[in-house]
Amino acid sequence: MTRQWISRAEALERLDVKPQTLYAYVSRQRIAAKSDPDHPRKSLYSLDDVERLSGRSDHTHATPASRPAPNIISSGNPARGEASIDSEISITFQGRHYYRGQDSLVLAETENFEPVATLLWQSDNSNLFGPLKPRPDVNFPGGPRARVMAMLSRRLEEEAMQEILPERDLELEAAGLLNELIDSVTNGGPRLFFHQRLARGWKVNDPRDIDLIRRILILSADTELDEATLAVRVSAATQGPLANSIMAGFATLMGPKLGGRISRAEAYVTQVRRHGNPELVAKTYLNQGLELPGFEAGTASSEKQRAESLMAAAPHMGNDLKTILQVGEDLTGRPAGFSLAVALLGRHLDLPKEAPFTLYGLGRSAGWLAHAIEQIASKSAPKARLRYIGKHPLNP
């Protein structure tokens with residue numbers, strides 16, 4: 001019997017669930033899905049599986065009471081004072097991270113960064129980036145990170161809003177912002193794919209290495225909810241320009257807990273290469289009671305899988321860099337995290353200082369823009385309760 005396929009909209013209507021529940025069914029292999037041959041960026045869903053889960057074998061509409069309760073994947077109930085946010089953008093399931101229900105590791109093997117951004121923004125426009133042109137004034141001073149912040153500062157001044165705009169093309173605004181972020185790092189240039197523009201700006205010529213930049217962008221695009229993403233959503237809740245939210249994301253990412261891990265890993269790799277003895281440098285860290293950069297305790301399994309995916313795509317990386325990875329794994333008993341993988345590839349590609357951090361931030365920007373768009377569209381704000389535990393005003 002030939003399997004029948006239906007669209008996302010029809011599947012949602014028949015199941016009477018939210019999109020994230022449909023994605024959960026797919027990730028749990030309870031509903032088969034495949035790419036729509038007429039629209040490769042969209043998916044089709046097995047009608048038989050949908051009918052089975054909706055409790056309807058006769059392809060008729062069931063009553064709500066006959067439907068099973070949806071299996072929504074979550075991280076548990078929020079503790080007191082935690083922000084509670086509903087999102088359809090991404091999730092980590094069984095150690096793998098999914099963007100809108102699609103495996104990020106698979107996307108890194110098959111897609112360019114632009115369609116992944118479009119997927120995260122859930123846009124029906126497959127040519128969001130095509131018409132975009134470079135600005136003539138994109139030459140900013142300083143290193144990659146300074147250029148990004150200078151560009152965002154200019155956008156904040158240009159787009160300052162005093163009133164809420166009821167009609168905004170958020171997807172086009174996001175595409176223009178991401179396009180200008182890339183230009184700020186590369187000083188403009190030909191309208192190539194984003195990873196090719198970055199490679200050209202950083203004088204990376206080997207096709208294998210150009211592909212590594214593409215993979216880093218895609219695998220960085222979104223993570224589990226962290227402080228940077230929360231800052232993006234809080235900023236977006238004010239209904240201001242998307243540049244505000246990306247500035248909040250980058251500013252928060254610069255903290256030691258987040259992007260600082262990449263900066264520490266980059267410094268560690270540089271130190272080992274200068275010293276020439278990876279094992280001695282690593283043991284010095286550990287003997288001082290310090291965690292080895294890139295091998296921190298509590299690293300998420302999805303981050304380790306992303307690191308493994310990147311390393312598998314770089315068999316041509318120098319043996320000196322491979323030794324840093326192997327020594328760290330041997331001494332800590334832990335696989336490398338994504339921060340070390342990005343730092344190692346930054347050295348392999350001979351990128352400028354702070355370029356690995358900036359490359360990661362550019363990748364994260366696609367996910368941040370998705371969160372900002374989702375937050376603005378919700379017309380709400382993340383709710384958190386502040387519980388005062390200081391001195392009583394009447395009993396100082």
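E291 and R334 make a salt bridge, and their closest N and O atoms sit 3.9 Å apart. This contact links distant parts of the chain: E291 is in the loop between α13 (278-287) and α14 (301-312), R334 is in the loop between α15 (319-332) and α16 (338-348), and the two are 43 residues apart. A salt bridge here means a side-chain nitrogen of Lys or Arg within 4 Å of a carboxyl oxygen of Asp or Glu. Helices (H or I, at least four residues) and strands (E, at least two) are DSSP runs, numbered from the N terminus.

Some ground rules before going on. This is a predicted model, where local features need pLDDT of at least 70 and side-chain atom pairs count only at pLDDT 80 or more, while totals for chains, interfaces and linings use all residues. Residues are numbered from 1 along each chain as its sequence is written, and side-chain values use heavy atoms, with hydrogens and water left out.

How many salt bridges does a search of the whole structure find? The search turns up 29. Here are three of them, with the distance between the closest N and O atoms:

| Acid | Base | Closest N and O atoms |
|---|---|---|
| E291 | R334 | 3.9 Å |
| E88 | R100 | 3.9 Å |
| D226 | R364 | 3.1 Å |

Take D226 and R364, whose closest N and O atoms are 3.1 Å apart in their salt bridge. This pair also links distant parts of the chain, with D226 in the loop between α9 (207-220) and α10 (227-236), R364 in helix α17 (residues 355-378), and 138 residues separating them.

Are D226 and R364 buried or exposed? Both are buried. Buried means under 20% relative accessible area, exposed means over 50%, and partly exposed is in between (1.4 Å probe, protein chains only). By contrast, E291 is partly exposed at 43% relative accessible area, and R334 is partly exposed at 31%.

Then there's E88, which forms a salt bridge with R100. E88 lies in the loop between α3 (47-54) and β4, and R100 in the loop between β5 and β6 (102-103), so the pair ties together parts 12 residues apart in sequence. E88 is partly exposed at 23% relative accessibility, whereas R100 is buried at 8%.

Now for the hairpin. Strands β4 (residues 90-93) and β5 (residues 96-99) run antiparallel and are joined by four bridges; two strands pair if DSSP finds at least two bridges between them. T92 stands opposite H97 in β5. Two residues lie between the strands, and Q94 takes a positive phi near 50 degrees.

Finally, a network of salt bridges links R135, D137, R154, R155, E158, E159 and E180.
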